[in-house]
Amino acid sequence: MELLSLPSLLLLFTLFVFYIIKFLNKRNQRNCFMLHYECFKGKDERKLDTETCAKVVERNKHLGLEEYRFLLRTMASSGIGEETYGPVNVLQGREASPTLLDAYSEMDEIMFETLDKLFHKTKGFVSPSDIDILVVNVSLFAPSPSLTSRVINRYKMREDIKSFNLSGLGCSASVISIDIVQRIFETRENAFALVVSTETMGPHWYCGKDRSMMLSNCLFRAGGSSVLLTNAARFKNRALMKLVTVVRAHVGSEDEAYSCCMQMEDKDGHPGFLLTKYLKKAAARALTKNLQVLLPRVLPVKELIRYAIVRALKRRTTTKKESTSSGIGLDLKTGLQHFCIHPGGRAIIEGVGTSLGLTEFDIEPSRMALHRFGNTSSGGLWYVLGYMEAKKRLKKGDKILMMSMGAGFESNNCVWEVLKNLDNKNVWEDSMDRYPELSKIPNPFVEKYDWINDDTMSFIRV
């Protein structure tokens, strides 16, 4: 066999180097680094405390005494504090007659304030003209031109930008947006992406008397976030975190799951958002389906084997009547250090915490985000993350599980790895020193309206 000629060797070596570079570039394209995020914080005059909420409730002439008591009870026990932010038209007493301008104004304030701050803090290495991908998610407002077009026009972004306007996805839309971005990153090198997550509350304030539709008024508040992402390896040292994995689960094929969280009109024609009693079951089922795929990706093999052995032994040694067990059975702390639960409500936070075997320390960030900012829909996860950062909990190498649930019904989760010690007080700057102590103070509304818990009032009908 003759030796290869020098030109042939050079050709083989060149091809080898080419494929090595191609492989490395492909691997880098799978990167998804978080460079910065900003959350919206309203002005003081926008704060919607329980006293103001009570006045809003009093304006609803469709309510009888029982509906009134139900709403006040729910507000008092919701886990929401006195400093959340409400829509302008509701605070002005126009919740029954919102305008298109109200919706645009609410969106402009949240989107542009968070984006202005984001571009200011990343000035010097990223500008609006550098953005390759833009994803805006707002479930209940889809105007034409789209909200992505509104952002592009405001910041004079490039003509070849890839824009995506998502609607109808509910509280889990932010993780869906991140999944879209990281998939596009696989086809583009050195790209920058923006994810804007918010919701329009003002035009969708419920003014009827259906209890299942009143809940949204008690839980949802104005808020949102903007997140800057890149797959450019040269920005790794600037990045806050790196995306590890994203998993999405959808149980909408079940009729009860599909309809447990739905925008609709009540029997009197009042539009609103229906939340049924099946919501908790749908959330549990969707989350279970999601974690069955996600956890094997992030937990060590040793823990998975231990779990499999323990579960097999329990099946052999317990009867069907004894088989009921609480908790997931896995020690999530073996692969995850922080848990960013969507602050959808006190019952959701505590339910997820119990089922996953989490401690009060683990669910504190979500409970505090709910107390300080309320349920801000798809932007809520970033307030939870902000609390963790402001409390200096996030250390290099830590992994964070973000858990979100939304209409459909969906559970969309992702895991981030912290790339440096983080301590920015961000949107929590003016309230960090007061938490978690502030959340332990009894709601002053309960004492003032103590008659709402007096069951002797139940025989009265108005």
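**Entry 1: the largest cavity**

I began with the residue classes around the largest cavity of this predicted model, and I counted three nonpolar, four polar and two charged residues in the lining. The space inside the largest cavity comes to about 50 Å³, and the model holds three cavities of 30 Å³ or more. I then listed the lining by name, which gave His36, Tyr37, Glu38, Cys39, Lys121, Gly386, Asn424, Asn426 and Val427. When I sorted the lining of the largest cavity by element, strand 1 gave the most, with four residues.

**Entry 2: strand 1 and the open sheet**

Since strand 1 contributes to that lining, I looked up its pairing next. Strand 1, residues 33-39, pairs with strand 5, residues 224-230, in the antiparallel sense over six bridges. Which residue of strand 5 is the bridge partner of His36? I found Leu228 in that position, and I noted that His36 is also listed in the lining of the largest cavity.

I then followed the sheet across its width. It is an open sheet of nine strands with mixed pairing, and I read its order as 3-2-4-5-1-6-11-10-9. Strand 3 (162-166) and strand 9 (338-341) stand at the edges with a single partner strand each, so one side of each has no neighbour in the sheet. From one strand to the next, I obtained an average twist of 20°.

**Entry 3: the hairpin of strands 7 and 8**

I turned to strand 7, residues 261-265, which pairs with strand 8 in the antiparallel sense over five bridges. Gln263 stands opposite Phe273 of strand 8 in this pairing. Five residues lie between the two strands of the hairpin, and there I noted Gly269 with a positive phi near 90°. Why is strand 8 described as largely enclosed by the rest of the structure? Four of the five residues in 271-275 are buried, so the description follows from the burial count.

**Entry 4: aromatic pairs**

My search for aromatic pairs returned eleven in the structure. I looked at Phe192 and Phe235, whose ring centres are 5.2 Å apart with planes at 65°; the pair is edge-to-face because planes over 60 degrees apart are assigned to that class. This pair links distant parts of the chain, since Phe192 belongs to strand 4 (residues 192-198), whereas Phe235 lies in the loop between strand 5 and strand 6 (241-250), 43 residues apart. Phe192 has a relative accessibility of 5% and counts as buried, and Phe235, at 8%, counts as buried too.

I then took up Phe373 and Tyr383, an aromatic pair that is tilted, with 4.5 Å centre to centre and 35° between the planes. Phe373 lies in helix 13 and Tyr383 in helix 14 (residues 380-390), so the pair ties together parts that are ten residues apart in sequence. For burial, I read 1% relative accessibility for Phe373, which counts as buried, and a relative accessible area of 1% for Tyr383, which is buried as well. Both rings belong to one aromatic cluster, in which I also found Tyr85, Tyr387, Trp428 and Tyr435.

**Entry 5: helix 14**

How many of the residues of helix 14 are buried? I found that eleven of its eleven residues are, and I recorded the helix as mostly covered. The buried residues include Tyr383 and Tyr387, both of which I had already met in the aromatic cluster. Gly386 is another of the buried residues, and it also appears in the lining of the largest cavity. After helix 14 comes Lys392, for which I noted a positive phi near 60°.

**Entry 6: the second largest pocket**

I closed with the second largest pocket, which holds about 390 Å³ of space. Its lining has 21 residues, and the closest to the centre of the pocket are Gly79, Ile80, His371, Ser439 and Ile441. Helix 12 (346-355) and helix 13 (360-373) are the elements that give two or more residues to this lining. Helix 13 supplies the largest share, three residues, and I recalled it as the helix that carries Phe373 of the tilted pair. By class, I sorted the lining of the second largest pocket into nine nonpolar, seven polar and five charged residues.

Methods
Residues are numbered from 1 along each chain as its sequence is written. This is a predicted model: local features need pLDDT of at least 70, side-chain atom pairs count only at pLDDT 80 or more; totals for chains, interfaces and linings use all residues. Side-chain values use heavy atoms; hydrogens and water are left out. On a 1 Å grid over the protein atoms alone, a cavity is a set of points where a 1.4 Å probe fits but cannot get out, and a pocket is an open set with protein on both sides within 12 Å along at least five of seven lines; lining residues have an atom within 4 Å of a point. Grid points are joined across faces, edges and corners, and a volume is the space filled by probe spheres set on the points. Ala, Val, Leu, Ile, Met, Phe, Trp, Tyr, Cys and Pro count as nonpolar, Asp, Glu, Lys and Arg as charged, and the others, Gly among them, as polar. Two strands pair if DSSP finds at least two bridges between them. Axes are lines fitted to C-alpha atoms, for helices over the stretch in contact, and angles run from 0 to 180 degrees between N-to-C directions. Buried means under 20% relative accessible area, exposed over 50%, partly exposed in between (1.4 Å probe, protein chains only). Rings of Phe, Tyr and Trp (its six-membered ring) pair if their centres lie within 6.5 Å; planes under 30 degrees apart count as stacked, over 60 as edge-to-face and the rest as tilted.
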